[in-house]
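Student: I've got a structure open and I keep wondering where the labels come from. Can we go through them together?
Tutor: Sure, pull it up and ask away.

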Amino acid sequence: MNKYPPKKLIKDIDSTDVQNFKVSFNSSTNVLSEGDEGYEKSIIRWADNAIKKAGIVVQATCLDDIVKTVKFASKNHLDFAVSCGGHSSSGTSSSEGGVVLDMRNLNKVRVDVEKKLIYAQGGALFGDVDNEAWKYGLATVGGVVDHTGIGGLTLGGGFGHLTGRHGLTIDNVVGATIVTADGEVKELSESKNKDLFWAIRGCGANFGVVYEFIYKAHEQKEVFAGVVVYPAEKLDTIIEAINIWLKNRRSENEGMAFVISRSPPENKPTIALLLFSNDPSEQVFRERYSVIYNCGEPIMEQVGCMPYPKLNTLANGFASFGDRKAMFNAHITHLDLSDIREAYNSYIKFTDENPTTSQSYLAFDLYGTEKFCSVPTDSTAFYPRKPFYNVVIVQRWLNEKDDKIVYDWAKKIQNIISNDEEKSLYVNFVDMSDDIGYNENRIKSTWGDNLEKLKELKGKYDPNVFFRKGAIIWP
Ligand SMILES: Cc1cc2nc3c(=O)[nH]c(=O)nc-3n(C[C@H](O)[C@H](O)[C@H](O)COP(=O)(O)OP(=O)(O)OC[C@H]3O[C@@H](n4cnc5c(N)ncnc54)[C@H](O)[C@@H]3O)c2cc1C
């Protein structure tokens, strides 16, 4: 890696060049430095530890802004980050002293109803996509929290409630417009720039800035869904019930996430279940989840028939901005009662001993696997196409001095829970920053046999490793 010189900061380059760059944009595009109105807001991220003092923030409003910014940062070897929803907790969409391309003003979404296609600019949030598509009774596969950005979520793969029926988000991407490290604009699809189109579907943040994604849209009815909460004493009974449900579920139409957390204000341990039936009928919902309800009366139940976009707001309560955060990932192939019990005990002990971490939680995403596993592993860059469920260890705490104890605890949980022998990982749920232990093994666990081809393509399209944030592919 020594042959790639370290990136420069804005303060390292000629101030006249910086000034000329700043004034070269039209008036609708803000180019912000520290002290400018709007600067502090522009560097806010989902996790406080991902907030960095950018040298310059360009709030792009058109494709040409992206091209100009990439060329300027690339030519000057500047540290460079792209920000969409800002949900990377390891700071991959931030830069300390370099250039941030803030995509949030590029958030237009347009639906071609006849062709059933959604055109979404690369700074949109999944809520923007859900809401626009829903006007026509359509949907695509997005995340389960509506304020995550389509940029990061799509480029890493994308799991959501519709994964059981339509696969990953990338399985529904039919085209994209991207700006590569040399500032070239390229259209990507199965027939244009096929190799890059392959690479961005699962490893995208390494290859360019996406100006626009084109998604397949599917007809979508209202759904019956909601959250039920049980006291933690029911943990074993509920896991057994979920295992029965998993055996019998219709994976195209049903999905569940269950979360071990503590409920404020008393911070009592609870098990929250987000139940989803892709059918507006309450009767169908109650029948399909009767095995869960047989565990006893929930302490809270909020379920109902709702428009599809509302489904992706139900988990927002677990996902507010603020505080220090990190996400670790484990893949499981089944719910092992003793592993989950051990993880639960560790969670309780750790959060009891460290009360400022009590908003941390463990989330188990039980979406149908058949559809995304039916796509060959080498047909996109996304590698782990095998029947697994994502577990996300979400760490939330207050003080920087606690970073290490929190990461160490989360790594322990990761090891307890993961029963996937190959120890694969999903890049969007992994913090790859150096202090957490970014290394070649993690990269292999993420891209497996696709890694060699990704390295070749990185060498071809980004030989100087201009895109150098997070899970980097070194050519
Ligand atoms: C609360 C929460 C809920 C989540 N839920 C889900 C879920 O349901 N399913 C799922 O699969 N994942 C989920 N994730 C993980 C999520 O996919 C990643 O955190 C993802 O990176 C977020 O994308 P972003 O655009 O919001 O983040 P950012 O921090 O803005 O970007 C993340 C990375 O993507 C790059 N990037 C962003 N936009 C572009 C673009 N237009 N062109 C090129 N590069 C770009 C950035 O440079 C950065 O490296 C969730 C994360 C959080 C925090």
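Student: What makes the pair between the ligand and His-87 a polar contact?
Tutor: This is a predicted model, so we go by its coordinates. A polar backbone atom of His-87 sits 3.1 Å from an oxygen atom of the ligand. The cut-off is 3.5 Å between N or O atoms, so the pair counts as a polar contact.

Student: Which other backbone atoms have an oxygen atom of the ligand at such a distance?
Tutor: Gly-86 has a polar backbone atom 2.8 Å from a ligand oxygen. For Leu-153, a backbone N or O atom is 3.4 Å from an oxygen of the ligand. With the limit at 3.5 Å, Leu-153 therefore still makes the cut.

Student: How much of the ligand does the protein cover?
Tutor: On its own the ligand has 940 Å² of accessible area, and the protein covers 95% of that.

Student: Which residues come nearest to the ligand?
Tutor: There are 32 residues around the ligand, and the nearest are Cys-84, Gly-86, Ser-93, Phe-159 and Tyr-426.

Student: What is the make-up of that shell: nonpolar, polar or charged?
Tutor: It splits into 16 nonpolar and 16 polar residues, with no charged ones. Keep in mind that Gly is put with the polar group, so Gly-86 is classed as polar here.

Student: Which helices and strands supply the shell?
Tutor: β3 (80-83), α5 (150-156) and β10 (209-216) each give at least two residues. α5 gives the most, with four.

Student: What does the UniProt record say about this part of the chain?
Tutor: The unreviewed entry carries the annotation "domain: FAD-binding PCMH-type" over residues 50-220. In the model that stretch is 25% helix and 26% strand, and its end C-alpha atoms are 36 Å apart.

Student: How do you know that α3 has the length expected of a helix?
Tutor: α3 covers residues 63-75, which is 13 residues, and runs 18 Å from its first C-alpha to its last. The expected span is 1.5 Å times one less than the number of residues, so the value to compare with is 18 Å, and α3 is close to it.

Student: Which residues of α3 are buried?
Tutor: They are Asp-65, Ile-66, Val-67, Thr-69, Val-70, Phe-72 and Ala-73. As a general point, an α-helix has 3.6 residues a turn, so residues three or four places apart point the same way. After α3 comes His-77, with a positive phi near 55°.

Student: Why is Thr-380 called buried?
Tutor: Its relative accessibility is 2%, and buried means under 20%, so Thr-380 qualifies. Thr-380 lies in the loop between α13 (370-373) and β18 (389-397). Its side chain makes a polar contact with the side chain of Arg-385, at 3.0 Å.

Student: And Val-23, buried or exposed?
Tutor: Exposed: the value is 57% and the label needs over 50%, so Val-23 gets it. Val-23 is in the loop between α1 (15-22) and β1 (30-32).

Student: Why is Lys-116 only called partly exposed?
Tutor: Its relative accessible area is 30%, and the label covers what falls between 20% and 50%, so Lys-116 fits. Lys-116 lies in the loop between β5 (109-112) and β6 (117-121). Its phi is near 55°, positive in a residue other than glycine.

Student: Where is Val-465, and what is its phi?
Tutor: Val-465 lies in the segment after α16 (451-461). Its phi is near 50°, again a positive value in a residue other than glycine. Val-465 has 0% relative accessibility against a limit of 20%, so it counts as buried.

Student: What makes Ile-413 a buried residue?
Tutor: Its relative accessibility is 0%, which is under 20%, so buried is the right label. Ile-413 sits in helix α14 (residues 403-417). Its C-alpha is 7.7 Å from that of Ile-393, 20 residues apart in sequence.

Student: What kind of peptide bond joins Pro-264 and Pro-265?
Tutor: A cis one, with omega at about 5°. Pro-265 is in the loop between β13 (254-263) and β14 (268-277).

Definitions and conventions
Residues numbered from 1 in each chain as written. Predicted model: local features only at pLDDT ≥ 70, side-chain atom pairs only at ≥ 80, totals over all residues. Heavy atoms only, no water. UniProt positions renumbered as here; feature names shortened; annotations may be inferred. Near = heavy atom within 4 Å. Polar contact = N/O pair within 3.5 Å; in protein donor to acceptor, adjacent residues only side chain to side chain. Areas by Shrake-Rupley, 256 points an atom, 1.4 Å probe, with all protein chains shown as cover. Buried < 20%, exposed > 50% of the residue type's maximum accessible area, 1.4 Å probe, protein only.
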